[in-house]
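Let's go through some of the labels people put on a structure and ask what earns them. Each label gets checked against its cut-off.

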Amino acid sequence: MSDTPALPRAAVPGGDTLPGFLYALTAYLLWGFLPIYMKALAHIPPIEVIAHRVIWSVPIAILVLFWLGRTADLKAALRSPRMLGMAAMTAALISVNWGIYVWAIGSGHALDAALGYYINPLFSIFLGAVLLGERMGRMQMAAIGLAVAAVGILTWEAGRLPVVALGLTLTWGAYAYLKRRLPIGPNQGFTLEVLILLAPALAYVGWLQAQGTGHFLQGVAWDNALLLGCGIVTAVPLMIYANGAKGLTLSTIAIMQYIAPTMIFLTAVFVFGEPFSGVKLLAFSLIWAALAIYSLPILAARINRDG
């Protein structure tokens, strides 16, 4: 049985499928709205939020595998020391990425989070050149140069590196690189990761409850609902995206990946009211120019192929 739920596979031009497009669009929109959810959890320490993201993701991920009939793959992975070792690395990276993200949203650094996810595709190009020996064209090198300039401008303005943006970029880039090398399906891989993180997450939440410093089941219904919902907002977009990506060409994914950081950017400025100085406008303009340079060859190749 396929990992992808049975939907009409109405093909759209360029080798994409309509279900793939709808899955990916849904995932990116959910990620785009995620800062609003995480802002409501700003009064809870990020580590506690991450622990609940792990705990409540586990039952959802396992239910999805049962629905797709892929539990045998998970059982085989749990018996493979090599697979467990690789999944432990990706699990550590995604948990650090989540931690940085949750802290950034709660502490008024959503713009930095948007910047980090804008830089991601450019960092992936750089990572491919360094680790995989992939050749970079002049346009790609120019795009990376503009991104480096933007980081330099923000460093000059703040007097320090934009740690949040770079932290999100580095952890997600490394996670994506290692995830590609994990010889297991995306849904099974995510389930394996949260299962690896489950024991420390349960231990931490249990310790908080014993100390009386936790926020779960402490008489605040809103906190209980938000923490329980962490599993849905964590697992569902990831697993929807994993299935959507299989029905899309890389060029389509490359363009669609800007949806979430753009929504995060707009939320930071117009909903959270984070300060957006002229220097930040210059830095973001360089990033947007870099992404345009990066995207133009992809779009041109797509047009030539479809035409």
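Q: How many salt bridges does this predicted model have?
A: The count comes to two salt bridges.

Q: What makes Asp73 and Arg70 a salt bridge?
A: Their closest N and O atoms are 2.8 Å apart. The cut-off is a side-chain nitrogen within 4 Å of a carboxyl oxygen, so the pair qualifies.

Q: Why is Asp73 called partly exposed?
A: The relative accessible area of Asp73 is 28%. Partly exposed covers what lies between under 20% (buried) and over 50% (exposed), so Asp73 belongs there. Its partner Arg70, with 23%, is partly exposed as well.

Q: How do you know that Glu193 and Lys179 form a salt bridge?
A: N to O, their side chains come to 3.0 Å, and the limit is 4 Å, so this pair passes too. The pair links distant parts of the chain: Glu193 sits in helix 8 (residues 186–211) and Lys179 in helix 7 (residues 163–181), 14 residues apart.

Q: What makes Glu193 buried or exposed?
A: Glu193 has a relative accessible area of 1%. Buried means under 20%, so Glu193 is buried.

Q: Why does Asp223 have no salt bridge?
A: The nearest side chain of opposite charge, Lys39, is 15 Å away. A salt bridge needs nitrogen and oxygen within 4 Å, so Lys39 doesn't qualify. Asp223 is buried all the same. It is found in helix 9 (residues 221–245), and beyond residues up to four places away in sequence it touches His43, Ile44 and His215.

Q: Why is His52 called buried?
A: His52 has 1% relative accessibility, and the label applies under 20%, so His52 counts as buried. This residue lies in helix 2 (residues 46–68). Leaving aside neighbours within four places in sequence, His52 is in contact with Val205, Phe216, Leu227 and Cys230.

Q: What lines the largest pocket, and which residues lie nearest its centre?
A: The lining has 50 residues, with Trp172, Ala176, Tyr241, Ile253 and Gln257 nearest the centre. Helix 5 (residues 110–132) gives the largest share, eight residues. The pocket's volume is about 1,700 Å³.

Q: How do the lining residues of the largest pocket divide into nonpolar, polar and charged?
A: There are 34 nonpolar, ten polar and six charged residues in that lining. Of the residues nearest the centre, Trp172, Ala176, Tyr241 and Ile253 are of types that count as nonpolar, while Gln257 counts as polar.

Notes. Residues are numbered from 1 along each chain as its sequence is written. This is a predicted model: local features need pLDDT of at least 70, side-chain atom pairs count only at pLDDT 80 or more; totals for chains, interfaces and linings use all residues. Side-chain values use heavy atoms; hydrogens and water are left out. On a 1 Å grid over the protein atoms alone, a cavity is a set of points where a 1.4 Å probe fits but cannot get out, and a pocket is an open set with protein on both sides within 12 Å along at least five of seven lines; lining residues have an atom within 4 Å of a point. Grid points are joined across faces, edges and corners, and a volume is the space filled by probe spheres set on the points. Helices (H or I, at least four residues) and strands (E, at least two) are DSSP runs, numbered from the N terminus. Buried means under 20% relative accessible area, exposed over 50%, partly exposed in between (1.4 Å probe, protein chains only). Lys and Arg count as positive and Asp and Glu as negative; His and the chain ends are not counted. Contact means heavy atoms within 4.5 Å.
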